[in-house]
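I opened this entry to record what I looked up, item by item. The notes follow the order in which I went through the chains.

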Amino acid sequence: MNKNILFVYKKLLNNNKNFYISYFRIFLIFYSKHYLLIDNLNLNNSKSKIINYNSLSKLNTTFKNYIKNNSKNNSLNIIFFNNLYIYSNNFDLFLFIKIINNQNYNYLNLFNNFYFELFNNLSFVYIINLIFSINNYSINIYNNIINKNIFIFNLFNFEIINNFLSIKKYILINKNIKCNIIEFFFNDFNKIILNINMFFKLNNNTILNYYLISDFKNNGYNYITFFFKHYFNNILNFIDIYLNQTYSFVTINSFLIGKHTRFNKKSIKISKFHFIDKFIYNIYHYNDSTQSNVFFISLSNNTSKLIFIGNIIVGNKIKHINANLKCEGLMLSNSSIIQFDPNMFINSNDVQCFHGASIGCVNNTILKYMTSRGLDLNECKKIIIISFLNKILNTNDINISILKNNLKFNNIK
Amino acid sequence: MIKSNLLNISNLTTSFTNKIILNKLNFKINSGETHVIMGPNGAGKSTLANILSGNHDQYNISGNIIYDNTNLLSLSAEKLALNGIFLSFQHPVEIPGLSNINFFKSFLNAKNKHLKINPIENNDFMTLLNANLKLLNIKSELTHRSVNDGFSGGEKKKNEILQMLLLDPKFVILDEIDSGLDIDSLKLVFNAVNTFKNNNKSILIITHYSRILKYIDVDFVHILHNGTIIKTGDQALAYDVEKHGYSYFL
């Protein structure tokens with residue numbers, strides 16, 4: 001049941017000209033418990049229904065009850081597909097995929113207005129973005145999807161004009177919201193330059209758990225920039241994993257403007273081949289009683305080069321600040337390079353800060369110890385890598401488990 | 001009862017960067033026997049332990065070591081472990097990030113794979129683990145911590161014995177197991193070793209002190225000096241060493 005998502009993704013794209021269906025299938029594979037359903041899926045199946053987006057409001061009570069009765073925790077309930085809802089009586093499926101094509105969308109807003117009943121009954125919300133060209137779009141999260149898991153899949157199309165794509169995405173988390181966003185970036189097409197800018201506004205008294213997995217294999221250049229603006233009394237827990245086999249440049253800017261705001265950041269970067277990755281994290285403490293915890297870990301193999309620069313900036317006369325910045329690297333090859341540069345710029349006295357960095361190789365002494373218990377060398381290395389990643393991934397958080405399930409050893413190696 | 005020969009070392013000479021460490025060493029251990037090797041610092045005790053556990057790449061070696069009818073020097077550390085040799089390290093290694101429980105389960109499954117039996121079931125594993133934790137008076141929280149990471153000296157040594165009990169090997173080498181242990185822990189450790197001991201298990205204890213003999217019955221005591229055994233005797237020999245020092249025997 002543990003399928004290698006990336007392999008399947010590529011294979012499906014190569015073999016199936018109908019890439020919408022391919023994407024849809026990939027999507028299911030992510031949730032391996034539903035994998036068996038895939039082969040049963042036939043969009044032309046007489047038992048499946050395709051309902052026009054606009055006709056959803058005409059759904060009768062029976063159907064609403066059907067959705068309600070079949071919504072269970074951890075079950076696949078809804079997917080968004082190409083302006084159509086598709087659901088099937090066969091396997092409790094209900095889907096909608098949005099194609100984003102040179103227009104601005106605020107589709108969750110639409111849902112909020114029209115379909116909140118539906119959202120209230122669902123465990124998860126799934127969004128697939130099939131991104132064709134230059135985009136600006138926003139997602140506004142209101143009360144009716146409180147405590148929901150929102151999955152966002154970003155799949156880039158090979159028909160991008162001039163192989164260049166720039167996206168701006170705005171995510172607004174409204175007051176008193178607690179939600180989880182689980183976002184995925186995939187791209188397998190060659191020589192594409194991507195520039196993604198994401199703007200998050202966290203309003204008062206909000207908690208956002210934001211999980212990101214980025215897997216670009218496009219032998220291109222990927223620039224991702226995040227801006228987080230924190231208002232009063234909110235918490236952002238942001239965990240991201242970069243499996244990219246490309247040149248990656250990631251910048252994170254977190255502005256802790258309001259009092260009692262917290263930014264907890266954990267990142268994993270896996271670097272391999274000859275690619276160069278550069279990560280810059282800037283955390284600005286601009287109000288009293290703000291906290292930030294940054295933990296960055298990286299695995300480097302082959303001749304890859306990774307540069308991490310972390311900057312914690314505390315403004316003038318700001319009180320009760322707690323800021324931690326820690327980075328750890330594990331080199332799997334003597335030819336790889338890891339360069340950590342954690343910095344703190346403190347302009348205030350009432351501050352508790354810590355910063356540190358450590359880089360090491362796979363240790364022969366550890367390997368000897370482990371082999372003396374009957375484990376072979378490959379198994380030992382695998383266990384060491386997984387243990388290293390477990391510094392971030394070892395948790396009961398279900399969303400991290402989803403990310404973890406996608407991190408197969410072969411992907412890393 | 002005739003005891004079968006488990007380990008036979010003949011004319012073993014090892015050197016490291018042209019310095020001879022073990023010099024024409026001859027030594028036998030039968031099944032069910034417990035041997036103690038004592039000797040001054042630099043006598044070659046830990047080198048012997050390393051070689052017997054398969055970590056012999058860095059040494060120039062001549063002579064033979066036959067373990068369980070197999071040429072021990074032809075087997076890697078991993079294969080030796082799978083074939084029932086266990087080394088309790090003098091300085092157990094810390095592995096940050098890898099929890100004890102995952103490590104234990106990994107090596108038990110490696111052993112099961114070698115024996116061509118199914119991976120251990122969770123319930124069976126926990127039953128086995130809990131029984132041995134109780135025997136060593138180890139708190140279960142310790143199993144969720146990283147292997148030896150931040151452990152006290154005593155906890156590390158107990159953790160080694162715990163691994164020994166889980167793996168249930170045929171031949172155990174305890175390299176200075178008593179160092180870093182207080183009296184209570186020493187009693188617990190040797191209580192566990194005595195529980196483990198039977199007619200099919202052989203034990204080689206490397207130590208500096210005779211105090212361990214209060215807690216375990218041994219068959220032979222050897223004094224190793226300049227890489228060779230200069231005297232063999234029973235428990236009384238260890239007390240003589242304690243009383244007169246090594247120089248008395250040189």
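The entries below go from chain A to the interface, then to the cores, the salt bridges and some local spots.

**Entry 1: what I am looking at**

I am working with a predicted model. I started with chain A. I counted 10 helices and 21 strands there. Chain A has 413 residues, and 58% of them are buried. I then looked at contacts in chain A between residues at least 6 apart in sequence. Of these, 80% join residues at least 24 apart.

**Entry 2: the interface**

Next I turned to where chain A meets chain B. I found 14 residues of chain A in contact with 25 residues of chain B. The buried area between the two chains is about 1,700 Å². Carbon and sulfur atoms give 66% of that area.

I then looked up the polar side of the interface. Six residue pairs, both partners at pLDDT 80 or more, are in polar contact between chain A and chain B. Which helices of chain A each supply at least two residues of the side that touches chain B? I noted helix H7 (364-371) and helix H8 (377-393). H7(A) gives the most to that side, with six residues. By type, the residues on the chain A side divide into five nonpolar, six polar and three charged.

**Entry 3: the salt bridge across the interface**

How many salt bridges does the rule find across the interface of chain A and chain B? I got one. Glu160(B) pairs with Arg373(A), and their closest N and O atoms are 2.8 Å apart. I placed both ends: Glu160(B) is in helix H5 (residues 153-167) of chain B, and Arg373(A) is in the loop between H7 and H8 of chain A.

Are these two residues buried or exposed? Glu160(B) has a relative accessible area of 0%, so I noted this residue as buried. Arg373(A) counts as buried because its relative accessibility is 1%. As background, side chains of opposite charge can pair when their charged atoms come close.

**Entry 4: the nonpolar cores**

I looked for the largest nonpolar core and found 107 residues in it. Which members touch the most other members? They are Met370(A), Leu52(B), Ile161(B) and Phe171(B). H8(A) gives the most to this core, with eight residues.

A second, separate core has 50 residues. I listed Ile173(A), Tyr210(A), Phe226(A) and Phe238(A) among them.

I went back to Ile161(B) for its neighbours. Leaving out residues up to four places away in sequence, Ile161(B) touches Leu136(B), Leu174(B), Ile177(B), Val189(B), Ala192(B) and Val193(B).

**Entry 5: salt bridges elsewhere**

I searched the whole structure and found nine salt bridges over all chains. I looked up two besides the interface pair.

The first is Lys169(A) with Glu183(A), at 2.1 Å from N to O. Lys169(A) is in strand E8 (residues 164-173) of chain A, and Glu183(A) is in strand E9 (residues 178-187) of chain A. They are 14 residues apart. I checked exposure, and both Lys169(A) and Glu183(A) are buried.

The second is Lys170(B) with Asp68(B), at 2.3 Å from N to O. Why does this pair tie together parts that are far along the sequence? Lys170(B) lies in the loop between H5 and strand E9 (171-175) of chain B, while Asp68(B) lies in the loop between strand E4 (60-67) and strand E5 (70-71) of chain B, so the parts it joins are 102 residues apart in sequence. Lys170(B) is partly exposed, with a relative accessible area of 31%. Asp68(B) also counts as partly exposed, at 31% relative accessibility.

**Entry 6: helix H1 of chain B**

I then took helix H1 (residues 45-52) of chain B. Six of its eight residues are buried, so the helix is largely enclosed by the rest of the structure. The buried ones are Lys45(B), Thr47(B), Leu48(B), Ala49(B), Ile51(B) and Leu52(B). Leu52(B) had already come up in the largest nonpolar core. Gly54(B) follows H1(B), and its phi is positive, near 95 degrees.

**Entry 7: Lys214(B)**

My last stop was Lys214(B). I found this residue in the loop between strand E10 (202-207) and strand E11 (220-225) of chain B. Is Lys214(B) buried or exposed? I noted exposed, because its relative accessibility is 63% and the cut-off is over 50%. I also looked up Gln235(B), 21 residues from Lys214(B) along the chain. Their C-alpha atoms are separated by 10.0 Å.

Definitions and conventions:
Residues are numbered from 1 along each chain as its sequence is written. Chains are lettered from A and ligands numbered from 1 in the order in which they are written. This is a predicted model: local features need pLDDT of at least 70, side-chain atom pairs count only at pLDDT 80 or more; totals for chains, interfaces and linings use all residues. Side-chain values use heavy atoms; hydrogens and water are left out. Contact means heavy atoms within 4.5 Å. Buried area is the accessible area (1.4 Å probe) that two parts lose on being put together, summed over both. A salt bridge is a side-chain nitrogen of Lys or Arg within 4 Å of a carboxyl oxygen of Asp or Glu. A polar contact is a pair of N or O atoms within 3.5 Å; within protein, one must be able to donate a hydrogen and the other to accept it, and residues adjacent in sequence count only if both atoms are side-chain atoms. Helices (H or I, at least four residues) and strands (E, at least two) are DSSP runs, numbered from the N terminus. Ala, Val, Leu, Ile, Met, Phe, Trp, Tyr, Cys and Pro count as nonpolar, Asp, Glu, Lys and Arg as charged, and the others, Gly among them, as polar. A nonpolar core is a set of buried Ala, Val, Leu, Ile, Met, Phe, Trp, Tyr and Cys residues joined through side-chain atoms within 4.5 Å. Buried means under 20% relative accessible area, exposed over 50%, partly exposed in between (1.4 Å probe, protein chains only).
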